[in-house]
Amino acid sequence: MSALRLRITMPALAVCLGLAACGSGQSILQAGNEPPPPTTAAPSTLPGQTTVPTLPPTTLPRPIDSLPGCDVEALDIAAAGGPVEIVFWHGLSNELKRELERITDEYNSSQDRVRVRLEAQGTYEDNIDKYLQSNTDNRPDLVQLPEYAVQLMIDTESSVPVQACMEDAGYAAAELLPAALTAYASESVQWAMPFNVSNPVLYYNRKVFRDAGLDDDKPPLTLAEVSAYGQQIQQTGAASYGISLDSAPDGGGGWFLEQWLAKEGELYSDNDNGRSAPSTRVLFDGPTSVALLTELQQVVTTGGGVYVGENPGGQDHLLKLADATTPAAMTISTSAALGPVLKFVEGGIIPGIGVEDIGIGPMPSPNGAPGALIGGASLWITAGHGDAKAAAAWEFITHLVSAAVQSQWAAATGYVPVNSGALALDPLQSVYADDPRFRVAYDQVAQAPDDPTFAGPVIGPLREVRVTAAAAVGKILSGGDPATALADAAALATDLIASYNATRPSN
Amino acid sequence: MASVRLESICKTFDGVAAVDDVSLEIHDHDFMVLLGPSGCGKSTLLRVISGLEEPTSGDVFIGDVLVTDVEPKQRDVAMVFQSYALYPHKTVQANIEFPLKVRGIATKDRAARAAEAAESLGLTEYLHRKPAQLSGGQRQRVALARAIVRQPAVFCMDEPLSNLDAKLRGETRAELVALHQRLASTFVYVTHDQVEAMTMATRMAVMSRGRLEQVGTPAEVYARPGSVFVAQFIGMPPMNIFPAGAVEASDVLVGVRPEHIAVDDAAPLRATVSHVEQLGHETLVHCRVGGVNAVVRLDSDAPVPAAHSEVGLVLSNRHHFDPVTTKRIDTAGDR
Amino acid sequence: MTRRGPSRVSSHAHGRSHGRARRDWGLAAALLAPSLSILGVFVLYPLGRAILLGRQRCDPSGDNCRTNGWHQYVDVFRSREFQQAFGVTFRFALMTVPIGLVLGVALAVLVDKQLRGMGAFRTIFSSTVATSVAVASLMWFFLLEPSVGVLADWIGGTAKNPGLLHSEGTALWAVAVSSIWANLGFTFIVVTAGLQGIPADLYESAYVDGASGWMRFSNVTFPMLGPTLLFASVVLTGRAFQSYGEFDLLTGGGPNGSTTSLTYLIYGNNSLIKNDQGLQSASAVLLFIVLLALALLQIRGVEKRVHYGN
């Protein structure tokens with residue numbers, strides 16, 4: 001027996017020792033790069049920046065003529081010989097998917113110019129992966145992609161910018177929310193059409209607010225108020241915690257940091273958040289960010305807040321409000337969760353919380369500034385499939401963002417309508433009138449200033465950058481030093497950008 | 001060194017009786033062979049003695065101790081299995097030592113006793129081999145060594161020779177008899193092979209359908225079979241059984257062993273020869289007598305009757321059996 | 001065949017066998033072609049491509065690549081992230097394989113009796129085989145969810161705040177528990193089959209010799225299960241090194257990278273190299289080499305000690 005154990009453990013030990021001895025301490029992002037030049041190197045490189053040569057910024061603006069064009073009349077000619085079929089990949093599931101199917105079926109049967117075939121690809125991530133790995137012929141004619149994929153998509157050089165179609169068709173975008181459009185524009189080109197828009201809002205338990213002696217019609221707007229409310233909630237024993245915070249990349253860790261920096265009027269990355277030219281480094285390690293996260297840390301340490309972790313399932317922060325023994329009274333989550341949350345509460349599985357107990361307020365920030373960045377997804381037209389297909393995709397896009405369809409879509413899903421005309425139409429008009437909670441996210445978009453800081457960052461590896469930022473936020477919320485955590489994350493993020501830019505197509 | 005006494009043992013499996021009310025006295029130093037066709041309950045009876053099966057009813061005594069509800073560990077019995085049940089991952093030495101190891105005997109003593117047991121069975125040079133590296137006969141001896149190393153009161157053996165070839169079986173029979181004499185111990189040995197029973201047993205118990213048919217020395221059982229079953233099971237070829245009135249004017253069954261029939265053309269009992277088997281050392285004559293088939297065994301030097309010829313037969317050593325119970329009927333002068 | 005002298009016969013036979021060999025080769029090639037082509041198209045070609053891709057750094061769509069050479073493999077292997085993920089994976093295997101084997105054997109031995117009702121237990125114990133990793137992980141996720149999870153309330157302490165899956169100290173253990181549970185059915189079935197292959201008379205012999213239950217287990221059951229346990233440990237180790245669903249669904253590689261296994265580093269949504277196919281390929285090839293080495297070690301190291309019966 002002992003000999004047997006020895007025989008297994010000896011090689012195991014050898015492997016372990018070998019590993020410890022051969023680690024380089026370098027990041028995997030440096031793998032394959034030439035070793036850094038001798039110490040006589042120029043001092044211009046920033047700490048943590050790689051030696052991969054970065055490309056010079058492209059000229060601004062990018063000439064629209066240099067991009068694939070759009071000929072909307074091609075559809076008129078092609079449709080004379082029967083409807084043009086287009087394939088549309090999306091990343092929606094459950095009720096959202098069913099509503100999209102309903103809208104598409106209605107569209108297909110309402111006219112005989114365009115036939116849209118929906119193909120659900122699973123999640124946004126699956127959709128991005130599959131799109132990136134396919135060649136032009138296998139790509140769909142129209143694809144729905146999330147806000148963090150903008151630069152990634154631009155760099156595939158595989159799409160017809162919707163601006164080309166807008167110009168060719170003389171499309172009046174007056175009713176579309178400017179902030180939603182700006183989110184998908186960079187280098188002065190409108191690349192994609194916003195379709196489903198969401199942003200973070202404050203969810204709070206009205207009953208706990210009342211029990212704590214707080215006005216349940218006045219949710220906190222600043223982080224200082226969040227702390228004060230939290231303390232009062234704890235002191236009165238109305239609930240165990242004030243706000244529950246998470247550090248998910250697409251939640252409290254990554255996405256919210258982008259939101260908060262925008263609300264503070266700060267850029268997230270250089271070159272105007274990558275909107276005037278591709279970003280080369282992130283800026284979220286500056287004094288404003290450090291102060292912001294120090295304050296957020298204090299919300300947890302002294303403001304009655306609770307940190308629920310990296311939230312891999314995207315539900316932990318919300319479920320904390322339903323905790324039977326140690327609940328929290330508030331959390332910040334995407335507005336897209338409002339419908340599902342209400343449906344969940346309606347089922348009556350959470351004792352003591354009814355549908356009317358859920359309050360919604362604007363996303364609190366350090367200074368309480370209104371407005372929010374655009375989240376959600378947009379529609380991209382694939383180039384190289386012929387003018388007729390592109391024109392058909394464009395025609396379907398105009399249908400999807402029309403006031404009537406956006407009214408139905410927003411009412412059914414809880415997304416923010418991208419067309420302001422939708423507010424005057426039923427069913428959305430009555431939904432907003434009956435339940436103002438659904439309107440909070442719309443008002444945040446409508447209040448957002450038209451400013452590069454409020455357009456949010458476009459960065460090729462934004463998804464990975466978010467993960468590093470989220471890790472830093474997680475460290476800070478569990479007690480780490482904000483300045484150090486942010487500096488480390490910023491260095492890694494800048495490495496990611498450099499490594500991405502090193503393989504960008506020459507442009 | 002003990003006697004074994006079984007009192008009214010019954011053992012049923014799912015309502016089917018494997019052993020049906022068997023009482024048997026096995027004396028100290030007996031080489032008791034339990035003999036019977038497969039399915040007769042002899043192995044079950046052995047397992048009841050060793051403690052592997054608990055009887056449904058009845059009692060088992062070893063020596064004078066009631067052991068019916070006693071674990072095998074406390075019964076002081078050793079068992080040799082048909083498959084030998086050697087531990088394939090252990091060496092011969094470790095296999096032989098195992099029962100001692102189980103009893104917590106010191107390593108040194110174990111080795112000495114294993115060496116002794118191995119020596120007595122000629123296994124010394126194989127002590128460090130694994131069972132897979134041994135021949136069938138060697139494995140069988142390892143199983144024996146493992147049994148004797150414990151010096152148990154009773155040895156139980158379940159058809160230990162049936163996996164050996166005929167030649168080896170003959171040799172091993174003699175070795176077992178010698179072993180029994182040397183150990184002066186009690187052996188309980190199960191077999192379906194009457195040759196093993198006849199050659200090794202000091203006493204034998206013939207079983208059929210879960211019941212005991214007859215107990216006695218091999219000579220007794222051969223000479224005075226207690227029933228038609230025993231009469232036909234012991235002896236090769238089996239005893240001829242003639243129905244009432246076929247060979248004599250009586251209302252009982254008449255049994256005559258083939259070797260106790262002589263051919264005499266003048267004899268009044270007439271038979272027609274069907275065919276003749278010449279086996280070298282003997283000749284078997286198959287014929288019809290009084291409407292039944294019969295076998296006559298002749299010495300190899302006797303004249304061989306032609307097939308389809310008519311011959312006269314002389315019967316001696318007749319046995320009589322009750323036609324209803326098939327039990328033996330003792331009459332004067334049939335010995 | 002008529003005998004015409006030894007030399008002629010042998011030369012004749014020789015010539016014939018040559019012709020037959022050539023025919024056999026042709027036939028063999030024809031018969032092997034389907035499986036070879038499938039192996040080539042679906043295994044060898046992708047493997048070769050992955051090995052070549054591991055020397056490159058590409059843009060996310062894989063159109064624009066820069067070839068760095070073989071030293072990229074060395075760099076990847078020595079990098080912080082790979083080393084950390086390797087450590088996580090190795091510890092995960094050290095947690096799941098021995099515990100999984102012990103529990104699997106224990107359950108199998110427990111129900112390896114001809115008693116009424118054992119069939120029901122056998123069905124229950126093997127049921128995790130029919131449970132997908134996704135279902136098992138989600139089940140554990142909600143059991144351990146600190147706010148509404150039954151187990152979290154029950155255990156209390158760290159399980160409640162921040163939660164077993166959210167604490168760097170416990171997350172890997174929590175994932176391991178889920179994985180052990182999900183794999184228990186497989187181990188149970190394999191060991192049960194192994195137990196049924198052990199001749200009953202070995203137990204009876206030991207029983208008559210007076211061996212206790214434990215002695216029968218350690219002297220008969222355990223050694224006789226040798227090949228089964230070797231097989232199960234090789235499979236379980238392979239599975240541990242290739243586990244992905246558990247990490248993806250339970251922790252997303254967190255907290256703070258403490259459950260970023262090699263597979264998660266290669267494939268996970270929150271991985272730093274999510275869109276870098278070159279680094280992903282290099283890591284995957286390295287994982288393949290590690291697994292190969294590990295399986296060889298296991299088989300070489302243990303096989304000599306294992307008895308395969310006769």
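In the predicted model, chain C and chain A share an interface in which 54 residues of chain C are in contact with 60 residues of chain A. About 4700 Å² is buried between the two chains. Carbon and sulfur atoms give 55% of that area.

Polar pairing was examined next. Between chain C and chain A, 21 residue pairs are in polar contact, with both residues at pLDDT 80 or more. The count of salt bridges between these chains is 2. One salt bridge joins Glu125(A) to Lys274(C). Its closest N and O atoms are 3.2 Å apart.

The side of chain C that touches chain A draws on several elements. Those that give two or more residues are β1 (56–58), α2 (71–78), α3 (80–110), α5 (133–144) and α13 (277–303) of chain C. By class, this side of chain C has 19 nonpolar, 21 polar and 14 charged residues.

Within chain A, the domain assignment gives two domains, each built from two sequence segments. Domain 1 spans 64–197 + 374–455. Domain 2 spans 200–371 + 461–494. The C-alpha centres of domain 1 and domain 2 of chain A lie 29 Å apart.

The two domains of chain A also touch one another. Here 27 residues of domain 1 are in contact with 34 residues of domain 2. The area buried between these domains is about 2400 Å². Of this, 56% comes from carbon and sulfur atoms.

Salt bridges and other polar pairs also link domain 1 to domain 2 of chain A. The salt bridges between the domains number 3. A salt bridge is formed by the side chains of Arg466(A) and Glu147(A), with an N to O distance of 2.7 Å. Arg466(A) falls in the 461–494 segment of domain 2, and Glu147(A) in the 64–197 segment of domain 1. In addition, 11 residue pairs are in polar contact across the domain boundary, both residues being at pLDDT 80 or more.

On the side of domain 1 that touches domain 2, four elements of chain A give two or more residues. They are α7 (178–183), β5 (185–186), α18 (439–447) and α19 (452–455). This side of domain 1 has 12 nonpolar, 9 polar and 6 charged residues.

Methods
Residues numbered from 1 in each chain as written. Chains lettered and ligands numbered in written order. Predicted model: local features only at pLDDT ≥ 70, side-chain atom pairs only at ≥ 80, totals over all residues. Heavy atoms only, no water. Domains from an automatic or database assignment. Contact = heavy atoms within 4.5 Å. Buried area = accessible area lost by both parts, 1.4 Å probe. Salt bridge = Lys/Arg side-chain N within 4 Å of Asp/Glu carboxyl O. Polar contact = N/O pair within 3.5 Å; in protein donor to acceptor, adjacent residues only side chain to side chain. Nonpolar A, V, L, I, M, F, W, Y, C, P; charged D, E, K, R; others polar.
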